[in-house]
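Open your viewer and get ready to click along. We will go stop by stop, with a short note on what to select each time.

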Amino acid sequence: MKSDSAIKEDVLDELMWQPNIDETQIGVIVENSVVTLTGVVDSYSKKLAAEKAVKNVKGVKAVADDI
């Protein structure tokens, strides 16, 4: 099982590779393999794209979206 810090690193890497997401606008907190996204984006589609990208990361059990 991946550690929370390893999952956080993978999530940040995944967000960085998303062309329509500015990863500097999104905060990532990982606790017990549950990822919480915080921050502000300028469109609903970016919010959905961030959530979808995080769900693709291996080891993520759930996503709490506070964007």
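**Stop 1: a serine.** Select S33. At 2% relative accessibility, S33 counts as buried, because buried means under 20% relative accessible area (1.4 Å probe, protein chains only), while exposed means over 50% and partly exposed lies in between. S33 sits in the loop between β1 and β2; helices (H or I, at least four residues) and strands (E, at least two) are DSSP runs, numbered from the N terminus.

Which residues touch S33, leaving aside its neighbours within four places in sequence? Show M1, K2, D4, I7, G59, V60, K61 and A62, which are in contact with S33; contact means heavy atoms within 4.5 Å.

**A word on the model.** This is a predicted model, where local features need pLDDT of at least 70 and side-chain atom pairs count only at pLDDT 80 or more, while totals for chains, interfaces and linings use all residues. Residues are numbered from 1 along each chain as its sequence is written, and side-chain values use heavy atoms, with hydrogens and water left out.

**Stop 2: the whole fold.** Zoom out and switch to a cartoon view. You should find two helices and three strands, in the order α-β-β-α-β along the sequence. The radius of gyration, taken over C-alpha atoms, is 11 Å, close to the 11 Å that the globule rule (2.2 Å times the number of residues to the power 0.38) gives for 67 residues, so the protein is as compact as a globular protein of that length. Its C-alpha atoms fill a box of roughly 35 × 20 × 15 Å, taken along the principal axes.

**Stop 3: a valine in a strand.** Now select V35, in strand β2. Is V35 buried or exposed? V35 counts as buried, because its relative accessibility is 0%. Its contacts beyond four places in sequence include I7, V11, V54 and A64. Try a distance tool too: V35 and D65 are 30 residues apart in sequence, and their C-alpha atoms are 8.3 Å apart in space.

**Stop 4: the core.** Select V11, L15, I26, V35 and L37 together. Of the 17 residues in the largest nonpolar core, these touch the most other members. Such a core is a set of buried Ala, Val, Leu, Ile, Met, Phe, Trp, Tyr and Cys residues joined through side-chain atoms within 4.5 Å. At least two core residues come from each of α1 (4–16), β1 (26–31), β2 (34–39) and α2 (44–55), and α2 gives the largest share, four residues.
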